[in-house]
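User: I have just opened this entry and would like to understand the words used for it. Could you take me through them, giving the reason behind each one?

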Amino acid sequence: MKVWISQKISKNWREYKRPLGSILHPLVHIGSILPYVVGLWDFWKNNLGANPILEITQRTGRTAIILLMFSLAVSPLRLLLNWPQINKLRRPLGLYAFSYAAVHFSIFIVLDYGFHWQSILQEILNRKFILFGFTAGVILLLLTVTSLTFFLKQLGKRWKKLHRFVYAAGALAGTHFILAVKPGVLRPWYYAAVMFILLAFRFPPVQTWVKKKA
Ligand code: HEM
């Protein structure tokens with residue numbers, strides 16, 4: 001009976017994973033654009049609380065890290081569920097993550113510091129959490145630029161190696177989040193735990209274990 005059920009499930013899964021993969025593509029775009037729409041709506045309606053700049057900074061930062069985690073989850077899910085179709089989702093998720101990180105950084109430069117480059121540099125060098133966020137942001141920028149078709153062709157096999165830096169960006173962004181909030185606040189630790197699991201999938205013994213299970 002148990003074998004029959006598991007055979008039935010895996011047969012159904014084989015049939016549905018391809019169409020499900022195509023449905024996920026537009027859902028990724030809608031879900032990633034939604035935080036922009038909600039943010040603009042709340043801005044329009046004056047719904048951003050007592051400190052709108054901080055609110056928008058935190059919202060864009062959280063959205064960036066969530067989308068980054070989704071993009072890092074693609075490979076483990078592909079292996080676990082034997083679902084090659086979802087590979088296509090990694091690129092848009094990574095690009096949307098970068099777009100939120102770019103808005104997050106722009107708010108810091110434009111609204112927090114009014115393009116005062118000396119103060120911005122001082123903040124980056126003197127405040128650890130800013131330095132971690134900035135380094136993560138620079139890596140995401142590098143990965144976004146090299147995702148252009150031109151660089152894909154130019155870099156060839158080196159492209160894959162370079163794009164492994166996304167894991168460093170994940171670790172740095174998680175640390176940035178932990179250091180950005182007051183000590184004792186648990187929220188960033190939940191994100192860090194998920195990030196840790198996703199990064200653990202990078203290690204060859206874990207990958208071998210996953211491949212055996214799949
Ligand atoms: C590029 C340079 C970056 C700068 C200058 C920067 C700056 C900031 C600032 C000023 C805050 C608000 C801290 C507070 O609550 O007082 C913040 C929070 C945050 N940032 Fe960044 N950040 C950067 C990059 C990033 C990146 C790349 C990510 C994620 C991919 C990120 C994710 C977050 C998160 C999750 C928070 C906390 C949101 C919350 O409190 O709920 N940041 N950042």
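User: What makes the pair formed by a nitrogen atom of the ligand and the side chain of His176 a polar contact?

Analyst: The ligand nitrogen is 2.8 Å from an N or O atom in the side chain of His176. A polar contact is a pair of N or O atoms within 3.5 Å; within protein, one atom must also be able to donate a hydrogen and the other to accept it, and residues adjacent in sequence count only if both atoms are side-chain atoms. At 2.8 Å, the pair therefore falls within the 3.5 Å limit. Two ligand oxygen atoms can be placed in a similar way: an oxygen is 2.8 Å from an N or O atom in the side chain of Gln58, and an oxygen is 2.7 Å from one in the side chain of Arg187.

A word on the background: this is a predicted model, in which local features need pLDDT of at least 70 and side-chain atom pairs count only at pLDDT 80 or more, while totals for chains, interfaces and linings use all residues. Residues are numbered from 1 along each chain as its sequence is written, and side-chain values use heavy atoms, leaving out hydrogens and water.

User: Which residues come nearest to the ligand?

Analyst: There are 22 residues around the ligand, and Gln58, Arg62, His104, His176 and Arg187 come nearest. Being near here means having a heavy atom within 4 Å of the molecule.

User: How do you know that His104 and His176 coordinate the iron atom of the ligand?

Analyst: Each offers its NE2 atom at 2.0 Å from the iron. Donors are N, O and S atoms within 2.8 Å of the metal (3.2 Å for Na, K and Ca), so both nitrogens qualify; since water is not among the atoms, sites may look incomplete. The two residues sit 72 places apart in the chain, with His104 in helix α3 (residues 90-112) and His176 in helix α8 (residues 165-180).

User: Why is the iron site called octahedral?

Analyst: The iron has 6 donor atoms, with angles of 86 to 179 degrees among them. Six donors count as octahedral if opposite donors are over 155 degrees apart and all others lie between 65 and 115. The iron site meets that description and is octahedral.

User: Why does His176 count as buried?

Analyst: Its relative accessibility is 17%. Buried means under 20% relative accessible area, exposed means over 50%, and partly exposed is in between (1.4 Å probe, protein chains only). At 17%, His176 is therefore buried. Thr144, in helix α5 (residues 128-145), is buried too, because its value is 19%.

User: What surrounds His104?

Analyst: Beyond its neighbours within four places in sequence, His104 is in contact with Thr57, Thr60, Gly61 and His176. Contact means heavy atoms within 4.5 Å. A polar atom of the His104 side chain lies 2.7 Å from the backbone oxygen of Thr57, and the His104 side chain also makes a polar contact of 3.2 Å with the side chain of Thr60.

User: What makes Arg78 partly exposed?

Analyst: Arg78 has a relative accessible area of 25%, and that value is neither under 20% nor over 50%, so the middle label applies. Arg78 belongs to helix α2 (residues 52-81). The Arg78 side chain reaches the side chain of Asn87 in a polar contact of 3.3 Å.

User: And why is Asn46 called exposed?

Analyst: Asn46 has 71% relative accessibility, so it counts as exposed. You will find Asn46 in the loop between α1 (2-44) and α2. Its phi is positive, about 55 degrees, although Asn46 is not a glycine. Asn82 is likewise not a glycine and has a positive phi of about 50 degrees; Asn82 lies in the loop between α2 and α3.

User: How many helices and strands does the chain have?

Analyst: The chain has 10 helices and 0 strands. Helices (H or I, at least four residues) and strands (E, at least two) are DSSP runs, numbered from the N terminus. Of the 214 residues, 32% count as buried.

Technical notes:
Tetrahedral: all angles 85-135°; square planar, octahedral: opposite > 155°, others 65-115°.
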